[in-house]
Each structure stands twice: as C-alpha cells, then as structure tokens.
Amino acid sequence: MRILDLRRLAPAMAAAAMLFALPPGQASAGLFDFGASTQRQGVTGRHLVAFPPGYTPGTILVQFSQRRLYLVLPQRQAISYPIGAPKGDARWSGETYVSEKRVNPSWTPTPEMRAENPDLPAYVPGGHPQNPLGVRAMYLGKSLYRIHGTDAPWTVGQEVSHGCIRMFNQDVADLYQRVPIGTPVVVMW
C-alpha cells in the first residue's frame, strides 16, 4: 500500500485553488513572454498564465509595456491582470513593496494634477462613484504611487496615469485579498 504525502501536493493544490477562484470563463493557460512586442494588446480580464522561473511566489511583477500586472504563484504560474500604465514623464521602474492597503480609499489630487486640470475636485471621499482610486488601493513603499481600481474602466490598457497602476475594480479587489502588506513589487517597462 502506497502512502500519499500531502505536503508534496500542497503547491499544486494552492495553484489549483487560485485557478478555481478566478471568475468562470476567465481561466486559461498562456505563455508569458518577456520578449513580446510592446504594441498594445487587447484588454482582456485576468487569467492564469505560465511564468518563467526566477521570481518568488507572492511577488507582484508589473510590466508596463505589456499593460499587465502578474501575481507570481507556485509551479511557474501567475495570475495576469490588465492595467493602465503611467503616461509620458510619469513613467518609472524599480523595486518596491506594498506598504499599506485601503478599502474605498479617499483621493486628493496632487497640485500638478490640479494645475493640469483645474476642474478636478480638491478631494473625493472613499466609496464615491467618481473616485479615481476605485474600490481598493495598495500603496507602494514611501511613494505616492498605488495599485488601485478606477472609476474609468475604459482607461485600463492605456497610458493614462500620473504614475499609479490602474486596474479594473473587480481585479484590484481580487489582488487586494491575495497579497499582504510587505509584498514585493517589481516594476519594469
């Protein structure tokens, strides 16, 4: 009689649980390719993809050129989410971490944003339907940058932000519940 060691199955079971946690019809296998063209791809929802080795499970990898955010899973897989990327001079890259998490965050535009668009309100309370941060926000290090939802879902997939990483509200809510404070974040173009 052969005894099954459940500890050896744990990573596969965790990956399977992540797959079944995705909305119906959105789970699919794919191939993550760092050498892919930087042309704008069609905006599709989150899905499970194959992922190259070298990234620790639990890491968030943001690839602005592909307009995708990846949450690295065990077994060389990741959940791929579509994102809106920074525009022009707001582009950045580097390594940081999730330093804070907020449900229904309030939003205060920077002076630069208000100079660019004087019609912006000085403050939008959390939970307001026109809050540009959407339903969740994960703050990055000591910067003003965040991974957040949006009140303008049609902008996901475009270069539109002032440095933040914009996601569909249902996707940022999904990512929010999967990552703790302290999660490493690697951002690249």
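Is Phe64 buried or exposed? At 0% relative accessibility, Phe64 counts as buried. Keep that residue in mind while we walk through the rest of this model, which is a predicted one.

Let's begin with the nonpolar residues. The largest nonpolar core has 24 residues, and those touching the most other members are Ile60, Val62, Leu69, Ile147, Ile165 and Leu175. Several elements chip in with at least two residues each: strand 2 (60–63), strand 3 (68–73), strand 4 (77–82), strand 7 (136–140), helix 3 (169–178) and strand 11 (184–188). Apart from this core there's another one, made of seven residues, including Val49, Phe51, Leu61 and Val186.

If you want one residue to click on, try Ile60. Not counting neighbours within four places in sequence, Ile60 is in contact with Leu69, Tyr70 and Leu71, then with Val98, Ile147, Leu175 and Val179, and finally with Thr183, Pro184, Val185 and Val186.

Now for the rings. Searching the whole structure turns up five aromatic pairs. One of them is Phe51 with Tyr70, a tilted pair with 5.6 Å from centre to centre and 50 degrees between the planes. Phe51 sits in the loop between strand 1 (47–50) and strand 2, while Tyr70 belongs to strand 3, so the pair links distant parts of the chain, with the two positions 19 residues apart. To put it more plainly, Phe51 and Tyr70 are 19 residues apart. Both ends of this pair are tucked away: Phe51 is buried, with a relative accessible area of 4%, and Tyr70 counts as buried at 6% relative accessibility.

That brings us back to Phe64, which pairs with Trp189. Why is this pair called tilted? Because the planes of the two rings stand at 45 degrees, with the ring centres 5.0 Å apart; planes under 30 degrees apart would count as stacked, and over 60 as edge-to-face. This pair, too, links distant parts of the chain. Phe64 is in the loop between strand 2 and strand 3, Trp189 is in the segment after strand 11, and the two are 125 residues apart. Their surroundings can be set side by side: Phe64 is buried at 0%, whereas Trp189 is partly exposed at 30% relative accessibility.

The pair also has company. Phe64 and Trp189 belong to a cluster with Trp92 and Tyr145, linked through ring pairs. Trp189 has a charged visitor as well: Arg91 lies over the face of its ring, 4.6 Å from the ring centre. You'll find another such arrangement at Tyr176, where Arg136 lies over the ring face at 5.5 Å from the centre.

Methods
Residues numbered from 1 in each chain as written. Predicted model: local features only at pLDDT ≥ 70, side-chain atom pairs only at ≥ 80, totals over all residues. Heavy atoms only, no water. Core = buried A, V, L, I, M, F, W, Y, C linked by side-chain atoms within 4.5 Å. Buried < 20%, exposed > 50% of the residue type's maximum accessible area, 1.4 Å probe, protein only. Helix = DSSP H or I, 4+ residues; strand = E, 2+ residues; numbered from the N terminus. Contact = heavy atoms within 4.5 Å. Phe/Tyr/Trp six-rings, centres within 6.5 Å; stacked < 30°, edge-to-face > 60°. Lys NZ or Arg CZ within 6 Å of the ring centre and 35° of its normal.
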